[in-house]
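Thanks for sharing this one. I have put together a few short points to read alongside the coordinates.

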Amino acid sequence: MARIKIENVVASTSLGEELDLQAIALALEGAEYEPEQFPGLIYRLKEPKTATLLFRSGKVVCTGAKSLENVKVAITKVAKQIEKAGIKVQIEPDVVVQNIVASSDLCQEINLNAIAISLGLERVEYEPEQFPGLVYRLDEPKVVVLLFGSGKLVCTGARQPSDVEEAVCKITEELRSAGLLR
């Protein structure tokens, strides 16, 4: 099985209350809030290295984490800092993963033209003049995999790490059975 590295976990939650973003921007050192450019407040943490987007509705999106655990740590940290500033919020909100982006390597070069033909045009987009990777859409798990001639791949759209593992296994098997992988 190819080694899989989670590059980014995007998750959302709600802090349960309508948020006064102006007050939070003043309370959190380093917070970025420019409502005329973007409706949310951006707050970056160094540990875990994440960006948390807070919206007036109380909705929160956390991005940049390398694991679901890091997402939970980041959101809890941000919530506690907001509460410490005297603004009431839900401290341990339910977190929902929206997208996991992961990378892997088949450890050999691959022929994308042969793969495009073999995997069938209904699930494949490959236009090397436009983009150097082959876009492969799986139905189960419902993810998109970008395959590159180097053998590297990027999986996006997963909701849990097991989706990535399943997708990489499926693709490896399909390529092997088509004689396109050693």
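The points below cover the domains, some strand pairing and one glutamine.

1. Please keep in mind that this is a predicted model. The domain assignment splits the chain into domain 1 (10–97) and domain 2 (106–178). Taken over C-alpha atoms, the centres of domain 1 and domain 2 are 34 Å apart.

2. Strand 9 is a good place to start looking. Strand 9 (residues 152–158) is antiparallel to strand 5 (residues 96–105), and five bridges join the two. To find the register, look for Ser 104, which has Leu 153 of strand 9 opposite.

3. Strand 9 also runs antiparallel to strand 8 (residues 143–147), here with four bridges. In this pairing, Val 144 faces Thr 156 of strand 9.

4. The hairpin of strand 8 and strand 9 deserves a look too. Four residues lie between its strands, and Gly 151 adopts a positive phi near 95°.

5. Now to Gln 108, in the loop between strand 5 and helix 3 (112–119). Is Gln 108 buried or exposed? Its relative accessibility is 12%, and because the cut-off for buried is under 20%, Gln 108 counts as buried.

6. What does Gln 108 touch, leaving aside residues up to four places away in sequence? Its contacts are Ser 150 and Gly 151, together with Leu 180, Leu 181 and Arg 182. Gly 151 is thus worth viewing twice, as the residue with the positive phi in the hairpin and as a contact of Gln 108. With Arg 182 there is a polar approach as well: a polar atom of the Gln 108 side chain lies 3.3 Å from the backbone nitrogen of Arg 182.

How values were computed: Residues are numbered from 1 along each chain as its sequence is written. This is a predicted model: local features need pLDDT of at least 70, side-chain atom pairs count only at pLDDT 80 or more; totals for chains, interfaces and linings use all residues. Side-chain values use heavy atoms; hydrogens and water are left out. Two strands pair if DSSP finds at least two bridges between them. Domain bounds come from an automatic or database domain assignment. Buried means under 20% relative accessible area, exposed over 50%, partly exposed in between (1.4 Å probe, protein chains only). A polar contact is a pair of N or O atoms within 3.5 Å; within protein, one must be able to donate a hydrogen and the other to accept it, and residues adjacent in sequence count only if both atoms are side-chain atoms. Contact means heavy atoms within 4.5 Å.
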